[in-house]
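Reader: I would like to go through this model with you, looking at its aromatic rings and its empty spaces. Could you show it to me, please?

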Amino acid sequence: MSDNILLACCGALVSTAGRLVAPRRPDQRFLANLTNAGLPRARTTVRLTALHQADQSAPTAIVAEGLRKPRRVAMTMATYVIEHPQARFLVDPAMCADIHERVLPEIPQPLRRVVTPDKNVVGLPDALGTVGLDVTDIDFVTPTHLHWDHVGGLLELPAKVPVRTLPVERDTALRSALGFVTGPLAGRDFDTYELDGPPVLTFARSHDVFGDGSVVLVDLAGHTPGSVGVLLALDGGPVLLAGDAVWHGLQARHLREKAPFPGNLVDYDRDLAFAAIHRLHALAPEVTIVASHDRDAAAAFMPALAR
């Protein structure tokens, strides 16, 4: 482990104690100036299924800085299947069956202790099999960002399945910045896009994947340079897959960032990341936010046997 990483870990730990007592305050001026551009008009709807792959739990006060109740929150690592009339694709192909051996060794040890899932990991082929799908049924993947626990499942997908991401996210990931690993990305075809569309809801930029308003990517930069949310038009109403802009829905509800440890280590830009939480907090109640690691939020879209 480099001296820089060790120093960063020590600094984050020192900062955490005070922030658990006095969390970062919301920026009320920023909130007041947010505008709601409204939902895109969707001409079709999609189907969303969450596939459970691994479990974790964490102190609530660390996940949502300073919150004391509940004492711990249930966390998950899941892959999200989106079925559109034109394609079937994955958001955040999270885990391969041997993630502990093939991927986690690339993570520095202090951070690895915090983020490692429990040992009973369901590989991506087995997870897809629970809903009658095979890895060959997937047309492409659209990760919310390229951190290790959102692309580990690529190791079990055919090499021909392209990865759709922003150029800045791809370039940052391939430099092996903290939180990124190169193993799952090696040899993959990247199909890049830009957030070249208009404001949507409280988000300044967007990209309409199919041009019909059913799957719209929105700017959630902060946790990583190219983090996006995936806004879906479902029959039951709009759902936003928020990736790691928040690890748990409590952060958006209470407007809390992660504690400095591990937030200072895993967030690319803490100010931008906090601004993204403000944008999520300001969403209308009709939009269901699914933080990628929020077990209860993901469970609402899991097959009954996985809940």
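**Rings, pockets and a cavity**

Author: Happy to, and do keep in mind that this is a predicted model. Let us begin with a lining: by class, the second largest pocket is lined by eight nonpolar, four polar and two charged residues.

Reader: Which element gives the most to the lining of the second largest pocket?

Author: This pocket has a volume of about 240 Å³, and 14 residues line it, with Gly249, Ala252, Arg253, Val287 and Ile289 nearest its centre. At least two lining residues come from each of α9 (249-254), α11 (270-281) and β11 (288-291). The element that gives the most, with three residues, is α9.

Reader: Now the largest pocket, please. Which element gives the most to its lining?

Author: Its volume is about 290 Å³, and of its 21 lining residues, Gln56, Val114, Val115, Trp247 and Pro262 are the closest to the centre. Two or more residues come from each of β1 (47-59), α3 (60-63), β2 (72-84), α5 (109-115), α7 (148-151) and α10 (260-266). With four residues, the element that gives the most is β1.

Reader: How many residues of the lining of the largest pocket are nonpolar?

Author: The lining can be divided by class, with two charged residues and six polar ones. The nonpolar residues number 13.

Reader: Trp247 caught my eye. Which residue lies over the face of tryptophan 247?

Author: We met Trp247 among the residues closest to the centre of the largest pocket. At 5.1 Å from the centre of the tryptophan 247 ring, over its face, lies lysine 258.

Reader: What about rings that pair with each other: which rings are linked into a cluster?

Author: Searching the whole structure gives three aromatic pairs. One of them, phenylalanine 89 with phenylalanine 140, has centres 4.6 Å apart and planes at 10 degrees, and is stacked. Another joins phenylalanine 140 to phenylalanine 210, tilted, with 6.5 Å between centres and 50 degrees between planes. The cluster linked by ring pairs is thus made of Phe89, Phe140 and Phe210.

Reader: How many residues apart in sequence are the parts that phenylalanine 140 and phenylalanine 210 tie together?

Author: Phenylalanine 140 belongs to strand β4, while phenylalanine 210 sits in the loop between β7 (206-208) and β8 (215-219). Because the two rings pair across these places, they tie together parts whose separation in sequence is 70 residues.

Reader: Is phenylalanine 210 buried or exposed?

Author: Phenylalanine 89 has a relative accessible area of 1% and is buried, and phenylalanine 140, at 4%, also counts as buried. For phenylalanine 210 the value is 17%, and the cut-off for buried is under 20%. Phenylalanine 210 therefore counts as buried.

Reader: Which residue lies over the face of phenylalanine 140?

Author: Phenylalanine 140 pairs with phenylalanine 89, and its ring face has a charged neighbour as well. Lying over that face, at 3.8 Å from the ring centre, is arginine 164.

Reader: One last thing: which element gives the most to the lining of the largest cavity?

Author: The whole structure has one cavity of 30 Å³ or more, and about 40 Å³ of space lies in the largest cavity. Its lining consists of Met77, Ala78, Tyr80, Asp92, Ala94, Asp149, His150, Ser292 and His293. Two elements, β2 and α7, give two or more residues each. The one that gives the most, with three residues, is β2.

Technical notes. Residues are numbered from 1 along each chain as its sequence is written. This is a predicted model: local features need pLDDT of at least 70, side-chain atom pairs count only at pLDDT 80 or more; totals for chains, interfaces and linings use all residues. Side-chain values use heavy atoms; hydrogens and water are left out. Rings of Phe, Tyr and Trp (its six-membered ring) pair if their centres lie within 6.5 Å; planes under 30 degrees apart count as stacked, over 60 as edge-to-face and the rest as tilted. Buried means under 20% relative accessible area, exposed over 50%, partly exposed in between (1.4 Å probe, protein chains only). A charge sits over a ring if NZ of Lys or CZ of Arg is within 6 Å of the ring centre and within 35 degrees of the ring normal. On a 1 Å grid over the protein atoms alone, a cavity is a set of points where a 1.4 Å probe fits but cannot get out, and a pocket is an open set with protein on both sides within 12 Å along at least five of seven lines; lining residues have an atom within 4 Å of a point. Grid points are joined across faces, edges and corners, and a volume is the space filled by probe spheres set on the points. Ala, Val, Leu, Ile, Met, Phe, Trp, Tyr, Cys and Pro count as nonpolar, Asp, Glu, Lys and Arg as charged, and the others, Gly among them, as polar.
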